[in-house]
Amino acid sequence: MTFIATEVVNGVATLAVNRPQSGNALNLSVFAQLTAALDELVAQAEVHAIVLTGEGNKFCSGADLGAFVRYLEARDFDRIVEVVRTSQMAFEKIASCPKPIVAAVGGAAVGGGVELALACHRVVATPPASFSFPETSLGILPFSGGTYRVPRRVGPALCKWIVYAGPMLPPPKALAMGFVDELAMPADLMTAAQATARSLAASPESCEWLPKEPPNELAAMASLFSAATVEELLAADVSADRALAKAQAAAASRPPATLQWGDKLIDEAGAQTTQQGAEAALAAVPELFRDPAVYEAMTRIAQQQRQS
């Protein structure tokens, strides 16, 4: 089956993940077709820039959890590592593409969907869009950029908040944090993304992404999640602030081993290359996936993903 659709108009290619029946979930077939399509577009002289989007009402619901359930049933942890490594390589191919790539996010970007968008040179989103990392609620982590690409964008403290507590970020907040670079109305999304792509193609030096300062309204959240250890984070007195208490409670509900790995990977990301961060994340994959609770949680959520 063909899961990637491409079209070229006036020098800008549109590359769309086309699995709307599963929320554009990502699996090995999608990654293979995505990287092959990128290679073809890079080789075409008439293509100067690329817009990456998803068909249907979701940008991307993340990894195909049904596939992970099957691998867990077979106790095939090597296969799980292969899938994560393949996703890391696909996202790095996007990030290092010699032609600018702009993500056009018109719906939910979940887990790997956020990592897919943030691998692009710019992100344009609409009001119905959202960004969230639910992985820690499953007992795992966002292994394909969430622990090493996101800290560079928002800093380690806010990265931990997003990853540990799993809040759903609406586009205005995502814009203030640096997850999103531009907002557009739904009817104007593709036009805005194409215009941004053309602008980047005309000025390649502007493709470099510059981090933003944390927004003032998240200063207290950043302070809470900058705690030196997970134990200090969970022991902090936040009873006077409802938002902080909610975030702390969400983090406390996650498996301790998951948070410990998250602390290690996110704290070390600033001193590592992207490749080193990816390799460090891979080391956590077999250990976290061996927890029986991961299989139970993924089985439940995979059913919801199929019905999305």
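In the predicted model, helix α3 (residues 77-95) and helix α14 (residues 274-289) pack with their axes 10 Å apart and at an angle of about 155°. Because angles over 145 degrees count as roughly antiparallel, α3 is roughly antiparallel to α14. The crossing in which α3 passes α14 is right-handed. On the side of α3, the contact is made by Phe 77, Ile 80, Val 81, Val 84, Arg 85, Gln 88 and Glu 92, while α14 contributes Thr 274, Ala 278, Ala 281, Leu 282, Val 285, Pro 286 and Phe 289. Classified by residue type, the contact of α3 with α14 comprises 10 nonpolar, two polar and two charged residues.

The model also contains an open sheet, formed by six strands in the order β1-β2-β3-β5-β7-β9, in which the pairing is mixed. The edges of this sheet are occupied by β1 (4-9) and β9 (182-183), each of which has a single partner strand, so that one side of each is left without a neighbour in the sheet. Helix α1 (residues 28-43) packs on the sheet, where α1 touches β1, β2, β3 and β5 (101-105), and the direction of α1 makes about 20° with that of β1.

Within the sheet, strand β2 (residues 12-17) pairs with strand β3 (residues 49-54) in the parallel sense, and this pairing extends over six bridges. In the pairing with β3, Ala 13 has Ile 50 as its bridge partner.

Terms used: Residues are numbered from 1 along each chain as its sequence is written. This is a predicted model: local features need pLDDT of at least 70, side-chain atom pairs count only at pLDDT 80 or more; totals for chains, interfaces and linings use all residues. Side-chain values use heavy atoms; hydrogens and water are left out. Two strands pair if DSSP finds at least two bridges between them. Helices (H or I, at least four residues) and strands (E, at least two) are DSSP runs, numbered from the N terminus. Contact means heavy atoms within 4.5 Å. Axes are lines fitted to C-alpha atoms, for helices over the stretch in contact, and angles run from 0 to 180 degrees between N-to-C directions. Angles under 35 degrees count as roughly parallel, over 145 as roughly antiparallel, 65 to 115 as roughly perpendicular and the rest as oblique. A crossing is left-handed if the near helix is turned anticlockwise from the far one by less than a right angle, and right-handed if clockwise. Ala, Val, Leu, Ile, Met, Phe, Trp, Tyr, Cys and Pro count as nonpolar, Asp, Glu, Lys and Arg as charged, and the others, Gly among them, as polar.
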